[in-house]
Amino acid sequence: MRKPLLMTPGPTQVHESVRQAMAEDITNPDLDQDFFEYYKETCNKLKKILKTENDVLILNGEGILGLEAACASLIEPGDRILCIDNGIFGKGFKDFAEIYGAEVIYYKGDYRKAIDVERLKEFLEKDNKFKLATLVHCETPSGITNPVDKICPLLNKYGILSVVDSVSAIGGEPIEVDRWNMDVVLGGSQKCISASPGLTFLSISEKAWKVIKNREVPIASFYCNLGLWENWYKEKWFPYTQPISNIYGLNTAIERILEENNYIERHRKIGKAVRRSIKKAGLELYPLDGFSNTVTTMLIPEGVTFSEINNHMLEKHNIMIAGAFDYLKDKVVRIGHMGENCYEEKLYITLKGLDETIKSFGIEIEGSLHKHFVNEVY
Ligand SMILES: *Cc1c(COP(=O)(O)O)cnc(C)c1O
């Protein structure tokens, strides 16, 4: 298999130390008492990144499992759910909520902008009888970061639980779960955390636990049932055998992030420099505001297609970037500058490759992407 420089917005590159950790000898995670401590320590490290005292769980499945587990565990048939939508993941939350019987009402935002908190406030003044609201921290397909720091406290004021998909933001964008009143926040191993795909994690507030425990209708799932995990540590019991090698990797990846202690600033600096380089070159970003610091989405210039750019990037430069799906299919190119991808030298190489690629199709731009980047980043 060809192994290109992976510059997609997840999965991201996995550092050698994380890969080595995954290769370590295993123990029996259901029987070895040390493993329960190791799992707990991994959760505690995640709590530091999330800035929370809430319980954190790691589940054996990709980010989508976290999203579905939150819906399965919190929603009862007939519950009114607000789905805050300004992108593909925001919109898609509805499908998961409906599987578990929710009556879903959309709050629709502009797809090229971050959620407008003032407009949401006006909406909630008229209608706020919702058990919970789903929202997306960073809309990965469009490269937009939503102001969850303002949205979650607003929802909290109305007694609406917040369920936040922060899969592509945790480890790259600021997040303060406790201070921002975030009830359920979920992440994945393969985005800014830069571990191998396969794990999701959730922080669960007291209020959310209460809702899970006081349901009338039992949770219609086993794998997605967060309630099963309530006493895992006290009872030293997991609902199913834990993917121990993945958890070794996750623990090591989080340790790397915590040791660096400068990851938010690094993402801010690189994200800004990538955006400015694209604009200086006369190319157009997809978002009009709310620019993500973990992924940049650029409109494909006229005269070239996504597959032409993608194939050329792979064949000539051995660099993998991404397009997008749904309504953005063939409209945008995405560069993932999250986690291990988010270093100057990697973005320099990527933008140099992209610069050559775009020009090779006869498209004229102002100057060079990588030269702009050097000027912007230093
Ligand atoms: C990556 C991601 C997920 C997980 O979904 P996959 O496409 O299966 O990787 C969920 N939410 C967001 C916002 C993501 O970026």
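**Figure 1. Close-up of Asn261 in the loop between α9 (244–260) and α10 (263–280)**. Asn261 belongs to the loop that runs between helix α9, residues 244–260, and helix α10, residues 263–280, and it is shown here, as in every view that follows, in a predicted model. The backbone of Asn261 has a phi near 65°, which is a positive value in a residue other than glycine. Asn261 counts as exposed because its relative accessible area is 63%, and the cut-off for that class is over 50%.

**Figure 2. Close-up of Asp326, a residue with positive phi**. Although Asp326 is not a glycine, its phi is positive, at about 60°. Asp326 sits in the loop between strand β12, residues 319–320, and strand β13, residues 332–336.

**Figure 3. Close-up of the cis peptide bond between Gly10 and Pro11**. The peptide bond that joins Gly10 to Pro11 is cis, with an omega of about -10°. Pro11 is part of the loop that lies between β1 (5–6) and α1 (16–22).

**Figure 4. Close-up of the surroundings of the ligand**. The residues around the ligand are Glu62, Ile64, Phe89, Cys138, Thr140, Asp165, Val167, Ser168, Gln190 and Lys191, and by type this shell divides into four nonpolar, three polar and three charged residues. In the side chain of Thr140, an N or O atom is 2.3 Å from an oxygen atom of the ligand. A polar side-chain atom of Lys191 is placed 2.7 Å from an oxygen atom of the ligand, while for Gln190 the separation between a side-chain N or O atom and an oxygen atom of the ligand is 3.3 Å. The ligand would expose 370 Å² if taken alone, and the protein buries 80% of that area.

**Figure 5. Close-up of the largest pocket**. The volume of the largest pocket is about 410 Å³, and its lining is made up of 15 residues, among which Lys3, Pro4, Leu6, Thr12 and Gln13 lie nearest the centre of the pocket. Sorted by type, the lining of the largest pocket contains nine nonpolar, three polar and three charged residues.

**Figure 6. Close-up of Tyr39 in helix α2**. Tyr39 is placed in helix α2, which spans residues 33–50. Tyr39 counts as buried because its relative accessibility is 0%, and the cut-off for that class is under 20%. Between Tyr39 and Leu57, which are 18 residues apart along the chain, the C-alpha atoms are separated by 9.0 Å.

**Figure 7. Close-up of Gly109 in the loop between β4 (103–108) and α5 (117–126)**. Gly109 lies in the loop between strand β4, residues 103–108, and helix α5, residues 117–126. With a relative accessibility of 17%, Gly109 counts as buried, since that class takes in residues under 20%. The C-alpha atom of Gly109 is separated by 38 Å from that of Glu315, a residue 206 residues apart from Gly109 along the chain.

**Figure 8. Close-up of Phe238 in the loop between α8 (232–235) and α9**. Phe238 is found in the loop between helix α8, residues 232–235, and helix α9. Phe238 counts as buried, because its relative accessibility is 4%. Phe238 and Arg215 are 23 residues apart along the chain, and their C-alpha atoms are separated by 22 Å.

How values were computed
Residues are numbered from 1 along each chain as its sequence is written. This is a predicted model: local features need pLDDT of at least 70, side-chain atom pairs count only at pLDDT 80 or more; totals for chains, interfaces and linings use all residues. Side-chain values use heavy atoms; hydrogens and water are left out. On a 1 Å grid over the protein atoms alone, a cavity is a set of points where a 1.4 Å probe fits but cannot get out, and a pocket is an open set with protein on both sides within 12 Å along at least five of seven lines; lining residues have an atom within 4 Å of a point. Grid points are joined across faces, edges and corners, and a volume is the space filled by probe spheres set on the points. Ala, Val, Leu, Ile, Met, Phe, Trp, Tyr, Cys and Pro count as nonpolar, Asp, Glu, Lys and Arg as charged, and the others, Gly among them, as polar. A residue is near a molecule or strand if one of its heavy atoms lies within 4 Å of it. A polar contact is a pair of N or O atoms within 3.5 Å; within protein, one must be able to donate a hydrogen and the other to accept it, and residues adjacent in sequence count only if both atoms are side-chain atoms. Accessible areas come from the Shrake-Rupley method with a 1.4 Å probe; for residues, only the protein chains shown count as cover. Helices (H or I, at least four residues) and strands (E, at least two) are DSSP runs, numbered from the N terminus. Buried means under 20% relative accessible area, exposed over 50%, partly exposed in between (1.4 Å probe, protein chains only).
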